[in-house]
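Here are a few worked exercises to try with the model open in your viewer. Attempt each task on your own before you read the solution.

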Amino acid sequence: MKKILIGILLPFLLSGCGDNMKKEYSEEDDKKMVSEILENLDDHTLDVDAKMSVYSEDIIHMGQGNRAITSLEDLRSMFIEERKWGHSEMKHQAFEIHSFDDHVIVRGGVKGQWHSIDGNNTVPFETNNLMTFKRTNNGELKIWHVIFNRIEN
């Protein structure tokens, strides 16, 4: 009797375990979402609210030589302050994208130029960056952690 019961229950137990191992995400969709988010970051014409829409509530933003920003309000303040001085025209690149159930890790870089508000100064820059994106309950990605450093030319 025990062998019959095990024979009946074993396939159900194994199929249940298999479902738990199934990926709930698509690497191709993740690449597309990351690309769209990076395009948002590159568009200096977007207003601050549009910029903020791609960040997770529990953001940690660590730029070289600066204290970590650990709230959306502080990040918003940084964006507003930066706009008083000028804007950056830049292009983010994703060199590696690694997808997991609850997050995505992206190693990338940025190349661009900062332009002063009066248009008299332009400063080229290049960075390395490491970003993690948090997967929301509806499958969207939001920027969760940002770490970057400037590459000296």
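This is a predicted model, and its five strands form an open sheet in the order β1-β5-β4-β3-β2, with mixed pairing.

**Exercise 1. Find which strands stand at the edges of the sheet, and say why one side of each lacks a neighbour.**

*Solution.*
Step 1: Take the strand order, β1-β5-β4-β3-β2.
Step 2: Look at its two ends. β1 (55-63) and β2 (86-99) stand at the edges.
Step 3: Each of these has a single partner strand, so one side of each is left without a neighbour in the sheet.
Step 4: For the overall geometry, add the twist, which averages 20 degrees from one strand to the next.

**Exercise 2. Walk through the pairings from β2 to β5 and pick out facing residues along the way.**

*Solution.*
Step 1: Start with β2 and β3, which are antiparallel and share 13 bridges. Here Glu89 has Gln113 of β3 opposite to it.
Step 2: Move on to β3 (residues 103-116) and β4 (residues 122-135), an antiparallel pair joined by 13 bridges. Across this pair, Lys111 faces Glu126 in β4.
Step 3: Inspect the turn of this hairpin. Five residues lie between β3 and β4, and Gly119 in the turn has a positive phi of about 80 degrees.
Step 4: Finish with β4 and β5 (residues 141-150), where nine bridges link the strands in the antiparallel sense. Asn129 has Phe148 in β5 as its bridge partner.
Step 5: Check the second hairpin too. The hairpin of β4 and β5 has five residues between the strands, and its Gly139 takes a positive phi near 90 degrees.

**Exercise 3. Locate the helices that lie across the sheet, then test the length of α4.**

*Solution.*
Step 1: Helix α2 (residues 27-42) lies across β1, β2, β3, β4 and β5, and runs at about 165 degrees to β2.
Step 2: Helix α4 (residues 72-85) lies across β1, β2 and β3, at about 55 degrees to β1.
Step 3: Work out the expected span of α4. Its 14 residues, at 1.5 Å a residue, should span 20 Å.
Step 4: Compare this with the model: the end C-alpha atoms of α4 are 21 Å apart, which agrees.
Step 5: Look just past the helix, where Gly86 takes a positive phi of about 155 degrees.

**Exercise 4. Decide whether His92 is buried or exposed, and describe its surroundings.**

*Solution.*
Step 1: Place the residue: His92 is in strand β2.
Step 2: Apply the cut-off, under 20% relative accessible area for buried. His92 has 12%, so it is buried.
Step 3: List what His92 touches beyond four places in sequence: Leu38, Leu41, Asp42, Gly109, Val110 and Asn129.
Step 4: Pick out the polar contact, in which the side chains of His92 and Asp42 come to 2.5 Å.

**Exercise 5. Classify the aromatic pair of Tyr55 and Phe79, and say what the pair ties together.**

*Solution.*
Step 1: Recall that two numbers describe such a pair, the distance of the ring centres and the angle of the planes.
Step 2: For Tyr55 and Phe79 these are 6.0 Å centre to centre and 50 degrees between the planes, a tilted pair.
Step 3: Place the partners. Tyr55 lies in strand β1 and Phe79 in helix α4, so the pair ties together parts that are 24 residues apart in sequence.
Step 4: Check burial: Tyr55 is buried at 7% relative accessible area, and Phe79 counts as buried at 13%.

Note on methods. Residues numbered from 1 in each chain as written. Predicted model: local features only at pLDDT ≥ 70, side-chain atom pairs only at ≥ 80, totals over all residues. Heavy atoms only, no water. Pairing = 2+ DSSP bridges. Helix = DSSP H or I, 4+ residues; strand = E, 2+ residues; numbered from the N terminus. Axes fitted to C-alpha atoms, helices over the stretch in contact; angles between N-to-C directions. Contact = heavy atoms within 4.5 Å. Buried < 20%, exposed > 50% of the residue type's maximum accessible area, 1.4 Å probe, protein only. Polar contact = N/O pair within 3.5 Å; in protein donor to acceptor, adjacent residues only side chain to side chain. Expected span 1.5 Å × (residues − 1). Phe/Tyr/Trp six-rings, centres within 6.5 Å; stacked < 30°, edge-to-face > 60°.
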